[in-house]
Amino acid sequence: MNENVRPADMKRINTIENAQAFIESQLTALRAQIGSGKVLLALSGGVDSSVVAALLVKAVGQQLTCVHVNHGLMRKGESEQVVDVFRRRFGANLVYVDAADRFLGKLEGVSDPEQKRKIIGGEFIRVFEEEARKLEGIGFLAQGTIYPDIIESDGVKAHHNVGGLPDDMRFELVEPLKLLYKDEVRVVGAALGLPDDMVNRQPFPGPGLGVRCIGAITRDRLEAVRESDAILREEFAAHGLDKKVWQYFTVVPDFRSTGVKDGKRSFEWPVIVRAVNTVDAMTATVEQLPWELMQTLTARITSEVKGVNRVLYDLTPKPCATIEWE
């Protein structure tokens, strides 16, 4: 039987009880596979890698080394949460790498979306390789591969960016979630005790906020994306939309418009709000936001985010737009 094919009689994991049964079976399987070996994991802080990390900590403890690379394109507070959850709450062996200056230096002046993605993905692999080579005796590489990844790409999960490691780094793969769908992974994460906002974190592109800072990335405009995104997430949670809307985020394009602030003309960026619902990400509809919320978002973003004087709402479904802007 192909171990990458989900058995027809495999029960859906939709309750904490059957998630616990899955966890127990995986702990046994992981201990049998890894034995006394050492495991390396690129811990992005997304749902899949976080659940794998929690499983492996429970299975093999300090035999696991997690590497979290902060490329400077994370959402506000995201890297801090990863460190807090896995070092303090789970007692994981976590290596934190602050590579923000390195990534932003490589991206300076680059406006083409595909080139930006290649730089971010390629640099991530190089940073991860450097950290991996500092460690001794690593025999296993853990990844947050889930079943849709196998169905769609028949290969390594792209957004973990570890598929391009050099050939001499011959790790055996550890993929405990490879037969699960995303909703099942979330149930398993909850059963493992991961915080709700981490388990139910919305999809986030591999290049992070780099694809929401349209055009060539500058530090000030990137900070405008990060701060406006934080306000959006805070207000969506306050209005009960954080679990209703599939994906929501802000975009700051590389142009300015004339406005008025403190009685003087301003020449600043717009912030574009995007909120969509979808089942398979092939098509998407736009969420109809309450007018009161739109007014609150506009007032907060224009007063709290430096360099912004307009808030716009993207009303375009997919097709003809894509979900992200780049």
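## Exercises on a predicted model

Asp262 has a relative accessible area of 79%, so this residue is exposed (exposed means over 50%, buried under 20%, and partly exposed in between, with a 1.4 Å probe and protein chains only). Keep that example at hand as you work through the exercises.

A word on the ground rules: this is a predicted model, in which local features need pLDDT of at least 70, side-chain atom pairs count only at pLDDT 80 or more, and totals for chains, interfaces and linings use all residues. Residues are numbered from 1 along each chain as its sequence is written, and side-chain values use heavy atoms, with hydrogens and water left out.

### Exercise 1: the whole protein

Task: describe the fold by its elements, its spread and its contacts.

Solution.
- Step 1. Start with the elements: the protein contains 10 helices and 10 strands. These are DSSP runs numbered from the N terminus, helices being H or I with at least four residues and strands E with at least two.
- Step 2. Check the spread. A compact globule of 326 residues would have a radius of gyration near 20 Å, and the protein agrees because its value is 21 Å. The radius is taken over C-alpha atoms, and the globule rule is 2.2 Å times the number of residues to the power 0.38. The C-alpha trace spans about 70 × 40 × 35 Å along its principal axes.
- Step 3. Look at burial and contacts. Of the 326 residues, 54% count as buried. For contacts between residues at least 6 apart in sequence, 76% join residues at least 24 apart; contact means heavy atoms within 4.5 Å.

### Exercise 2: two residues of helix 9

Task: what do the side chains of Arg226 and Ser228 reach?

Solution.
- Step 1. Place them. Arg226 lies in helix 9, residues 219–238, and Ser228 lies in helix 9 too.
- Step 2. Judge their cover. Arg226 counts as buried because its relative accessibility is 14%; Ser228, at 0%, is buried as well.
- Step 3. Follow the side chains. That of Arg226 reaches the backbone oxygen of Met74 at 2.6 Å, while that of Ser228 reaches the backbone oxygen of Ala224 at 2.7 Å.
- Step 4. List the neighbours, leaving out residues up to four places away in sequence. Arg226 touches Gly72, Leu73, Met74, Arg75, Lys76 and Leu209. Ser228 touches Thr250, Val271, Ile301 and Val305.

### Exercise 3: helix 7 and its cover

Task: which elements are included in what covers the buried residues of helix 7?

Solution.
- Step 1. Count the buried residues: helix 7 (residues 182–191) is mostly covered, with 7 of its 10 residues buried.
- Step 2. Name them: Glu184, Val185, Arg186, Val187, Val188, Gly189 and Ala191.
- Step 3. Find the cover, which includes helix 1 (16–34), helix 2 (47–60) and helix 8 (196–199).
- Step 4. Turn to one residue of helix 2, Ala53. Ala53 is buried because its relative accessibility is 0%. Beyond its neighbours within four places in sequence, Ala53 is in contact with Leu41, Leu43, Leu64, Cys66 and Phe86.

### Exercise 4: strand 8 and the loop before it

Task: is Glu268 buried or exposed, and which side chain makes a polar contact with that of Glu268?

Solution.
- Step 1. Glu268 is found in strand 8, and its relative accessibility of 15% is why Glu268 counts as buried.
- Step 2. The side chain of Glu268 makes a polar contact with the side chain of Ser266, at 3.5 Å. A polar contact is a pair of N or O atoms within 3.5 Å; within protein, one must be able to donate a hydrogen and the other to accept it, and residues adjacent in sequence count only if both atoms are side-chain atoms.
- Step 3. Contacts of Glu268 beyond four places in sequence include Phe255, Lys261 and Val308.
- Step 4. Return to Asp262, in the loop between strand 7 (257–261) and strand 8 (264–277). Asp262 is not a glycine, yet its phi is positive, about 55°.

### Exercise 5: unusual peptide bonds

Task: where are the cis peptide bonds that involve Pro319?

Solution.
- Step 1. Recall the background: most residues other than glycine have a negative phi, and most peptide bonds are trans.
- Step 2. A cis bond joins Lys318 and Pro319, with omega about -15°.
- Step 3. Another cis bond joins Pro319 and Cys320, with omega about 15°.
- Step 4. Pro319 lies in the segment after strand 10 (308–313), and Cys320 is in the segment after strand 10 too.
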